[in-house]
Amino acid sequence: MNVWKVPLADVTLGPEEIAAVTEVLQSGWLSMGPKTQEFEDRFAHFLGVKYTFAVANGTAALHLACEVLGMGPGDEVLCPALTFVASANAIIYNGARPVFVDVTGPQDLNLSVADAASKVSGRTRAIMVVHYGGYPCDMEAIAALAGRHGLKIIEDCAHAPGAVYHSSQGPRLLGTLGDIGCFSFFANKNLTTGEGGMVVTNDDELAGKIKTARSHGMTTLTWDRHRGHSFSYDVVARGYNYRLDEMRSALGLVQLNRLEPGNARRQELTYAYRAQLKDLDHLEVPFRDFPGGSAHHLFPILLRDCGGRTDFMAALAQQSIQTSIHYPPVHLFSYYRSLWEAGHDHRLPLTEEISARLVTLPLFPAMTMAQLDTVVAAIRGYFR
Ligand SMILES: Cc1ncc(COP(=O)(O)O)c(C=O)c1O
């Protein structure tokens, strides 16, 4: 399906995925049931977390997090602007307002805890952290900030399945450090089910609410009724249809086996890029000296000169190398600008300056060293 010699991302799918989905189709049970339960159990074991709920996509996971934490009109949620728009969208679905936080700097594209602290108001209820590119945010500083102000912590782990945060109490997998962790299994992610996601928590009360809100606020599932465990149901809360189906859960189970070797390969490629780009003065590599533990979802670079970005990306495209921008900052999109009342200062100087120079290079587990060499040669050729 690739039109590029070196695509930005690519899925690794084998006969195991085809067999797993075929088995579900042959079973005749397609909507959420035993495969989803197995996927949730395996993901819980992998993360070392008490509760996992498979959902339709990562955006649904984030929305459920905001829903069960009780976000509503008048509430503010701190979140980065250098993220996919889904992070902020999930906040506004419930009428709460995202308060955008600047990045830390060119070497750390995660949100600045100091800027977050300066934006806490009497209305702030939560902080949504996004582990950009799979690189962990400073979770100890974030926990301290949240503790001081009584804020809930939502982790957007769309880029970070399998990434580790090295805290003073030892290593912890991302998604287990806040109140609720949210994962995306979209097609370009480290673990994919095409569309899909997971909400995880260690909190008994939140878990009960997530389970109910995922399926219309109902007290029983179709699968329970099919097995004769129940004949009726009540609706006890506002709910949604955010369930995952059995085909995707079967895919997820196989993909979970591929996650750790896939992340290891991403790391190998990241280190190779860093070594080969080290002497180039025309660009900077964010997270270059970041201590281990990333899921290496993205390989971003920062051009020294923002004016040349379109030319740079076009020159690589000419050689059939796909690049992208992660991300155009959310606070500058027309819709988000329109949400702000006149005169409200929502400038994010570092995010704006850095995002104008960002380019994402190809990175995926099946990428060969020859493909990486092709990308590096094209970059060197451009700057010669
Ligand atoms: C940082 C981030 N948050 C949230 C999402 C939303 O996930 P999904 O596309 O599965 O809804 C994505 C992925 O696209 C993402 O990259």
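Which residue caps the N-terminal end of α3? That would be N57, and it turns up again in the second close-up below. A quick note before the views: this is a predicted model, where local features need pLDDT of at least 70, side-chain atom pairs count only at pLDDT 80 or more, and totals for chains, interfaces and linings use all residues. Residues are numbered from 1 along each chain as its sequence is written, and side-chain values use heavy atoms, with hydrogens and water left out.

**View 1. The open sheet of 7 strands.** Read across, the strand order is β1-β11-β10-β7-β6-β2-β3, and the pairing is mixed. Here helices (H or I, at least four residues) and strands (E, at least two) are DSSP runs, numbered from the N terminus, and two strands pair if DSSP finds at least two bridges between them. The edges belong to β1 (51–55) and β3 (97–101); each has a single partner strand, so one side of each is left without a neighbour in the sheet. From one strand to the next, the twist averages 20° (axes are lines fitted to C-alpha atoms, for helices over the stretch in contact, and angles run from 0 to 180 degrees between N-to-C directions).

**View 2. Helix α3 against the sheet.** Helix α3 (residues 58–68) packs on the sheet and touches β1, β6 (124–130), β7 (152–156), β10 and β11, where contact means heavy atoms within 4.5 Å. The direction of α3 makes about 165° with that of β10. Of its 11 residues, 10 are buried, so α3 is largely enclosed by the rest of the structure; buried means under 20% relative accessible area, exposed over 50%, and partly exposed in between (1.4 Å probe, protein chains only). Among the buried ones are G58, L62, H63 and E67. Back to the cap: a side-chain oxygen of N57 lies 3.1 Å from the backbone nitrogen of T59. Just past the helix, G70 takes a positive phi of about 80°.

**View 3. Strand β11 and its two partners.** On one side, β10 (residues 180–184) and β11 (residues 197–201) run antiparallel, joined by 4 bridges. Bridge partners here include F183 with M198 and G181 with V200. On the other side, β1 pairs with β11, also in the antiparallel sense, over 5 bridges, and Y51 has T201 as its bridge partner. In a regular strand the side chains alternate between the two faces of the sheet. In β11, G197, V199 and T201 point one way while M198 and V200 point the other, and all are buried. With 5 of its 5 residues buried, β11 is largely enclosed by the rest of the structure.

**View 4. Helix α7 lying across three strands.** Helix α7 (residues 204–214) lies across β1, β10 and β11, running at about 20° to β1. Its buried residues are covered by elements including α2 (34–47), β1, α3, β10 and β11; L206, A207 and I210 are among those residues. D203 caps the N-terminal end, with a side-chain oxygen 2.9 Å from the backbone nitrogen of E205. Just after α7, H216 takes a positive phi of about 65°.

**View 5. The largest nonpolar core.** A nonpolar core is a set of buried Ala, Val, Leu, Ile, Met, Phe, Trp, Tyr and Cys residues joined through side-chain atoms within 4.5 Å. The largest one has 40 residues, and F43, I127 and I142 have the most contacts inside it. Elements giving two or more residues include α2, β3, β6 and α9 (246–277), and the largest share, 5 residues, comes from α2. Leaving aside neighbours within four places in sequence, I127 is in contact with residues including V77, L111, I142 and I154. A second, separate core of 35 residues includes I91, A126, L206 and W340.

**View 6. Around the ligand.** The ligand is surrounded by 16 residues, the closest being G58, T59, D156, S184 and K189 (near means that a heavy atom of the residue lies within 4 Å). Side-chain N or O atoms sit 2.7 Å from a ligand oxygen for S184, 3.0 Å for K189 and 3.2 Å for Y327. A polar contact is a pair of N or O atoms within 3.5 Å; within protein, one must be able to donate a hydrogen and the other to accept it, and residues adjacent in sequence count only if both atoms are side-chain atoms.
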